[in-house]
Every structure is written in C-alpha cells, then in structure tokens.
Amino acid sequence: MEFMIDTANLEEIKNYNNLIPLSGVTSNPTIVKKEGKIDFYQHMRQIRKIIGDQISLHIQVVATDYEGIIKDAKAIIENIDKEVYIKIPVNEAGIQAIKTLKNEGYHVTATAVYTKFQAYLAIAAKADYIAPYYNRMENLNIDPNDLVKEVSKEIARTNSNSKILGASFKNVNQVNSALENGAHAATMSVDIIKTALTMPSIQKAVNDFNKDWESIFGNGLVIADL
C-alpha cells in the first residue's frame with residue numbers, strides 16, 4: 001500500500017518525508033490556496049527537491065475545458081518535470097483529456113471520483129491513479145467502500161495498471177476502510193497521520209514500558225548504555 005500526504009506546505013512535507021514511508025505528495029487548488037500567493041512553479045519544484053524523484057508528485061489542472069486541461073498539463077510538465085502526475089477531474093472534458101494525455105505518455109491521476117462509472121471510464125482511459133472522494137461520498141449517502149471494492153475487482157478482472165488512490169478523508173477510520181476494501185493508496189492531511197500516531201494510549205504504553213525498565217536498570221539508562 002502507498003501512503004501520500006495531501007498538502008503543499010514545505011515544512012509539513014519535509015517533516016513527514018522523514019517521518020513515514022512516504023509514497024507521494026498530492027495537491028489541488030484549494031490546498032495551494034492555503035500557502036498564499038506563491039510562485040507556483042518554483043514552489044512545486046521545491047516540493048520535488050524535498051521528496052526526490054522516487055516519490056510521486058500529483059498536481060491538479062485548473063482549466064475546465066479540454067483544450068485548457070491539455071495546456072495546463074503541458075505547462076506543468078514543462079515547468080516542473082516530466083514525472084509529475086497530472087490530476088484531472090473525471091467529467092466530460094476531463095476523461096477526454098485523460099485519454100489524450102495517456103496516449104502521449106503522461107502520468108495521470110483521475111480525481112473527483114464519486115461513482116463507479118467514473119472510475120470504470122478512468123480505468124478504460126488507462127489513468128494511473130483513480131481518486132474517489134471518501135468523505136464527500138459519505139456526505140452524499142454514497143457508499144465509498146462499495147465503490148472501492150467493485151473498482152478493485154474491475155482492475156483485477158481487466159489486468160489494469162490503474163491504482164485506487166483514496167482521497168478526501170475526514171478521519172483515520174475512513175483511511176482504514178479504504179485500504180481494507182481494496183484501495184492501493186491513500187492520500188490524507190497530515191492531521192490524520194498526527195492523530196493516528198499521537199493517541200494517548202500509545203504514549204501511556206511507552207511510559208509504562210519505561211517505568212518497568214527503569215525499575216530494574218535505573219533511571220535514564222537505555223539498552224545502548226548496557
């Protein structure tokens with residue numbers, strides 16, 4: 001499975017690149033907005049510099065028409081690097097652009113997926129990643145687990161190289177559910193990772209272990225000191 005973080009904040013990326021087995025960094029215009037009026041291309045090149053070329057970088061187009069999406073995609077590649085995954089919403093213009101860009105050898109992440117049909121079209125168009133919006137689907141009374149499960153079956157049935165990239169998570173349980181139902185990857189805010197790793201029960205267990213150790217070997221003495 002692949003763990004990605006959904007942020008454009010350089011400090012967060014530096015921190016979590018060192019902290020977890022990071023597979024990718026994803027962003028969209030809303031996430032970019034949080035960083036203020038940045039030099040967009042320079043900022044994205046900085047992210048690439050932090051993560052290197054073995055970790056995927058996903059950047060979303062802004063144009064909404066077919067020709068504009070193609071221009072956005074080519075501008076991203078020309079100004080950042082050819083390994084970027086172009087994020088494209090799966091609507092009429094988007095699926096057409098995905099088909100074109102994949103035929104031209106681009107990496108593509110199909111995003112804003114709410115339905116199985118969108119995902120099936122993205123698989124047929126050979127999108128590299130397909131990103132269902134987990135929490136948003138639940139808010140619309142759409143079962144994201146069912147979608148992930150069935151799309152996973154279709155990927156296996158067709159021997160597709162597409163991967164399911166769960167996105168738009170509100171909590172750790174949603175991430176767990178996505179992965180347990182067949183998602184190959186998940187992208188999430190750093191707050192979700194932080195919540196998962198800093199729950200009080202974990203620290204209590206660590207403190208209890210340390211007390212037991214110190215009761216035998218003394219305060220401040222670790223295994224490396226023996």
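Which residues have the most contacts inside the largest nonpolar core?

## Nonpolar cores

In this predicted model, the largest nonpolar core has 58 residues, and those with the most contacts inside it are Ile5, Ile86, Ile88 and Ile98. Another core lies apart from the largest one and has 9 residues, including Met4, Ala131, Tyr133 and Ala185.

The surroundings of one of these residues can be described in detail. Leaving aside residues up to four places away in sequence, isoleucine 86 touches Ile59, Val61, Ala73, Ile76 and Ile77, and it also touches Tyr106, His107, Val108 and Thr109. In soluble globular proteins, nonpolar side chains tend to be buried together.

## Aromatic pairs

The structure holds 5 aromatic pairs. One of them is formed by tyrosine 85 and tyrosine 129, whose rings are arranged edge-to-face, with 5.5 Å from centre to centre and 70° between the planes. This pair links distant parts of the chain, since tyrosine 85 belongs to strand S4 (residues 85-89) and tyrosine 129 to strand S6 (residues 129-132), 44 residues apart. Tyrosine 85 and tyrosine 129 are both buried.

## The largest pocket

The largest pocket encloses about 470 Å³ of space. Its lining comprises 27 residues, of which Asp6, Asn28, Ile31, Lys34 and Ser189 are the closest to the centre of the pocket. Several elements contribute to this lining: helix H2 (29-33), strand S5 (107-113), strand S8 (185-188) and helix H10 (190-197) each supply at least two residues.

Which classes of residue make up the lining of the largest pocket? The lining has 9 nonpolar, 11 polar and 7 charged residues.

## The second largest pocket

About 230 Å³ of space lies in the second largest pocket. Phe3, Leu19, Ile20 and Pro21 are among the residues that line this pocket, together with Val172, Val175 and Asn176, and with Met188, Ile192, Ile193, Ala196 and Leu197. Helix H9 (172-180) and helix H10 each supply at least two residues of the lining, and H10 gives the most, with 4 residues.

By class, the lining of the second largest pocket has 11 nonpolar residues and 1 polar residue, and no charged residues. Helix H10 thus appears in the description of both pockets, supplying at least two residues to the lining of the largest pocket and 4 residues to that of the second largest.

Technical notes:
Residues are numbered from 1 along each chain as its sequence is written. This is a predicted model: local features need pLDDT of at least 70, side-chain atom pairs count only at pLDDT 80 or more; totals for chains, interfaces and linings use all residues. Side-chain values use heavy atoms; hydrogens and water are left out. Rings of Phe, Tyr and Trp (its six-membered ring) pair if their centres lie within 6.5 Å; planes under 30 degrees apart count as stacked, over 60 as edge-to-face and the rest as tilted. Buried means under 20% relative accessible area, exposed over 50%, partly exposed in between (1.4 Å probe, protein chains only). A nonpolar core is a set of buried Ala, Val, Leu, Ile, Met, Phe, Trp, Tyr and Cys residues joined through side-chain atoms within 4.5 Å. Contact means heavy atoms within 4.5 Å. On a 1 Å grid over the protein atoms alone, a cavity is a set of points where a 1.4 Å probe fits but cannot get out, and a pocket is an open set with protein on both sides within 12 Å along at least five of seven lines; lining residues have an atom within 4 Å of a point. Grid points are joined across faces, edges and corners, and a volume is the space filled by probe spheres set on the points. Ala, Val, Leu, Ile, Met, Phe, Trp, Tyr, Cys and Pro count as nonpolar, Asp, Glu, Lys and Arg as charged, and the others, Gly among them, as polar.
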